[in-house]
Amino acid sequence: MSAAPASDEELHAFLDGQLDASRSAEVRRYLDGSPTAAARLTAWRRDAEGLRAALAGIETWPPNPSLDPAVIRRRLRRRAWRRAARALALVMALGLAGVVGWSSRAAYVGPAIKPMEDALDAYRVFARARTHAVEISLPRMSLPSWLAASLGHPVALPDLRAHGFRLLGARLLATSEGAAAMVLYEADNGRRLSFYLRPARHFIPGTQGWREKEGLRVRYWYRGGFGFALVGSADDAHTVATLRAFPSAL
Amino acid sequence: MGSIDERIQEEELRALLPRLRRFALSLVREPSAADELVRTSLELALSSRRLRKATAPLRSWLFAVLYRRFLEVRRRGTRWRQLLARLRPDAETEQPLAERWIGASALAFARLSVENRAILLMVTVEGFSYQETARVLAIPVASVLPRVLHARQVYRQLSEGMQGVAPLRRVK
């Protein structure tokens, strides 16, 4: 029983032991039945053994100590240390040169200010207080005129009655850029919403957006050198809907 | 100084050193250039984060690093050699034959193209599987066998052509 003839490629794969077991067995059977093929394989095998012998003797080559892996690793580490030391020296040189120029701005360090962060802070501190949430409350005084007098400029207050929020009062606050005001509103369910305004020179007029932080949502916009914000509970759908209506509703 | 893992790694690399040197020599055919190739390849290997991961066998990964480095050096060197050739038309363009390999078989091997030398060294001499060979040379596995066959045929022709040629030097 003779197996199918093996191609030249298969003979070489057989020689290299790279044929799978079943095909390898078939090729062996074929070789048993074909002396010419077996002779061809023997010739290839002889070539391979000759090449192996010709390129042998690597253990007798003179060792090269600069190739020792431990030596190379140490050298790499020294190089890395020197590079790091050079970089550090450069940084320090630059740092030393920069200290004089930076000292006058040293007071302004810290993360970049997020828009209307103070509006959120004001709400957190005052808005939910049962007493003294506001310092000026209706109906004692006209809020708009009080605000105008305190801030030094007229203020357009949002009318939130259509959204179910009634005006409670206002509180004056201080910022580094001047007086700010927090105007408080309350819905029937007790949820409170604040309208916050302050001078703002750092933000380009027209900047607007909304943010959420720690359960509070703020809708803000900047116009005419002032920043405005509406702040309320993020989990109150009514509040969120109201916030979304501004500033277009103004 | 240094962890146990590093010591073990260094031992493994040390064990592979002679074969790396032989592979490098088969590629550049000059002993000091071959050792330089091995040194820079080991630097690359020791700087590489992949050395710490024991995924592929160390041998084929190291051979792959060396082969890639060789191609890179050759690519950069080609432009330089071309420039030299234009300046001195009679300049030597063939690499000197290795002093370590003498005899008809070695001469025939040295006369092969670098791709044929690489593949024969790995499959015939080192006994790499076709998979490993493919990985080192960055070629598809299916193309290994046809390339091996072709290399062996060319080597056979060159060997037969060298029959009767006296060896260059007597072995000391």
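I started with a loop in chain A: A:Glu214 sits between β5 and β6 (216–223) of chain A. I looked there for the backbone, since phi of A:Glu214 is positive, about 50°, although this residue is not a glycine. Note to self: this is a predicted model.

Next backbone entry. Which peptide bond is cis? I found the one from A:Phe246 to A:Pro247, with omega near 0°. I placed A:Pro247 in the segment after α7 (237–244) of chain A.

Then I went to the salt bridges. How many does the structure hold over all chains? I have 32 down for that. I picked out A:Glu117 with A:Arg211, where the closest N and O atoms are 2.7 Å apart. A:Glu117 belongs to helix α5 (residues 117–127) of chain A and A:Arg211 to strand β5 (residues 208–213) of chain A, so this pair ties together parts that are 94 residues apart in sequence. That is the β5 that I met at the start, on one side of the A:Glu214 loop.

Helix packing inside chain A came next. I keep in mind that two packed helices are described by the angle between their axes and the distance between the axes. I took helix α2 (residues 21–33) of chain A and helix α3 (residues 35–54) of chain A: their axes come within 5 Å and cross at roughly 110°. The range for roughly perpendicular is 65 to 115 degrees, so α2(A) counts as roughly perpendicular to α3(A). On the α2(A) side I listed A:Tyr30, A:Leu31 and A:Gly33, and on the α3(A) side A:Pro35, A:Ala37, A:Ala38 and A:Leu41. By class, I wrote down 6 nonpolar, 1 polar and no charged residues for this contact.

I stayed with α3(A) and followed it across to chain B. The axes of α3(A) and α5(B) come within 10 Å, crossing at roughly 100°. These two helices are therefore roughly perpendicular as well. From α3(A) I noted A:Ala48, A:Leu51 and A:Arg52, which meet B:Leu120, B:Thr124 and B:Val125 of α5(B). The tally here is 4 nonpolar, 1 polar and 1 charged.

That took me to the whole interface. I have 39 residues of chain B in contact with 33 residues of chain A. How much area do the two chains bury between them? I noted about 3400 Å², with 63% of it on carbon and sulfur atoms.

For the polar side of the interface, I wrote down 15 residue pairs in polar contact between chain B and chain A, both residues at pLDDT 80 or more. The salt bridge count between the chains is 7. The one I looked at joins the side chains of A:Asp16 and B:Arg152, at 2.8 Å from N to O.

Which elements of chain B supply at least two residues each to the side that touches chain A? My list reads α1 (4–28), α2 (31–47), α4 (104–111), α5 (114–125) and α7 (144–161). Of these, α1(B) gives the most, with 11 residues. I also sorted the residues on that side of chain B by class: 21 are nonpolar, 6 polar and 12 charged.

Methods. Residues numbered from 1 in each chain as written. Chains lettered and ligands numbered in written order. Predicted model: local features only at pLDDT ≥ 70, side-chain atom pairs only at ≥ 80, totals over all residues. Heavy atoms only, no water. Contact = heavy atoms within 4.5 Å. Buried area = accessible area lost by both parts, 1.4 Å probe. Salt bridge = Lys/Arg side-chain N within 4 Å of Asp/Glu carboxyl O. Polar contact = N/O pair within 3.5 Å; in protein donor to acceptor, adjacent residues only side chain to side chain. Helix = DSSP H or I, 4+ residues; strand = E, 2+ residues; numbered from the N terminus. Nonpolar A, V, L, I, M, F, W, Y, C, P; charged D, E, K, R; others polar. Axes fitted to C-alpha atoms, helices over the stretch in contact; angles between N-to-C directions. Parallel < 35°, antiparallel > 145°, perpendicular 65-115°, else oblique.
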